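Biologist: Before I trust any labels on this one, I want to hear the rule behind each of them. Can you take me through it?

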Amino acid sequence: MARKILSLAAASLAGLVLSFPAAAQQPNLCGVRGDIVAKLSKDFRESPMAVGMVDNSAVLEVFVSDTGTWTILATRTDGTSCIVSAGEGWESKTLIAGRDA
């Protein structure tokens, strides 16, 4: 059951990441990965928490600070990185496959 939910979530997220041209048109949401990562570190003290591939078309990264702010960054194969989402109140948990969270 948990694996099915994770699969559905990954498929939904893949669709979101692949359709982020609208984000690419917004100022300051897309750019060179190194520049965005440096800004996340400097302005929010966020560092990488997790990384994953999205159907060989993008890399998805989650950046988190000690205060709980978080940012999801997607980098396409053409090298463009865009902020997909951001927020506050991040809480890390270890999920075990086959168990309900």
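Modeller: Sure, starting with pairing: two strands pair if DSSP finds at least two bridges between them. Strands themselves are DSSP runs of E with at least two residues, helices are runs of H or I with at least four, and both are numbered from the N terminus. By that rule, β3 and strand β4 (residues 70-76) pair in the antiparallel sense over 7 bridges, and Ala58 stands opposite Arg76 in β4.

Biologist: And what kind of model is this?

Modeller: A predicted one: local features need pLDDT of at least 70, side-chain atom pairs count only at pLDDT 80 or more, and totals for chains, interfaces and linings use all residues. Residues are numbered from 1 along each chain as its sequence is written, and side-chain values use heavy atoms, with hydrogens and water left out.

Biologist: How many helices and strands come out of those DSSP runs?

Modeller: The protein chain has 3 helices and 5 strands, in the sequence pattern α-α-β-α-β-β-β-β.

Biologist: What joins β2 to β3?

Modeller: There are 7 bridges between strand β2 (residues 47-54) and β3, and the two run antiparallel. Met53 stands opposite Val59 in β3, while Pro48 faces Phe63 in β3. β2 and β3 make a hairpin with 3 residues between them, and Asp55 in that turn has a positive phi of about 45°. Asn56, in the loop between β2 and β3, also has a positive phi, about 55°, although it is not a glycine.

Biologist: What makes a positive phi worth pointing out?

Modeller: Most residues other than glycine have a negative phi. Arg45, in the loop between α3 and β2, is another with a positive value, near 55°. The β3-β4 hairpin has 5 residues between its strands, and there the positive phi, about 100°, belongs to Gly68.

Biologist: Why are Arg45 and Asn56 called exposed?

Modeller: The cut-offs are on relative accessible area: buried is under 20%, exposed is over 50%, and partly exposed is in between (1.4 Å probe, protein chains only). Arg45 is at 67%, so it counts as exposed. Asn56 has 66%, so it is exposed as well.

Biologist: And why is Ser85 called partly exposed?

Modeller: Its relative accessible area is 29%, so Ser85 falls in between. Ser85 is in strand β5 and touches Trp70, Thr71 and Ile72, not counting residues up to four places away in sequence; touching means heavy atoms within 4.5 Å.

Biologist: How do you know that β3 is mostly covered?

Modeller: Of the 7 residues in strand β3 (residues 58-64), 6 are buried. Across the 101 residues of the protein chain, 28% count as buried.

Biologist: What makes a group of residues a nonpolar core?

Modeller: The members must be buried Ala, Val, Leu, Ile, Met, Phe, Trp, Tyr or Cys, joined through side-chain atoms within 4.5 Å. The largest such core has 8 residues: Val54, Ala58, Leu60, Val62, Val64, Trp70, Ile72 and Ala74. β3 gives the most to this core, with 4 residues. A second, separate core of 6 residues includes Val37, Leu40, Phe63 and Ile83.

Biologist: Why is one side of β1 and of β2 left without a neighbour in the sheet?

Modeller: The open sheet has 5 strands in the order β1-β5-β4-β3-β2, with antiparallel pairing. β1 (30-32) and β2 stand at the edges with a single partner strand each, so one side of each has no neighbour in the sheet.

Biologist: Why is the Trp70 and Trp90 pair called tilted?

Modeller: Rings of Phe, Tyr and Trp (its six-membered ring) pair if their centres lie within 6.5 Å; planes under 30 degrees apart are stacked, over 60 edge-to-face, and the rest tilted. The centres of the Trp70 and Trp90 rings are 6.2 Å apart and their planes are at 55°, so the pair is tilted. Trp70 sits in strand β4 and Trp90 in the segment after β5, 20 residues apart.

Biologist: Which of the two is buried, and which is partly exposed?

Modeller: Trp70 has a relative accessible area of 17%, so it is buried. Trp90 is at 33%, so it is partly exposed.
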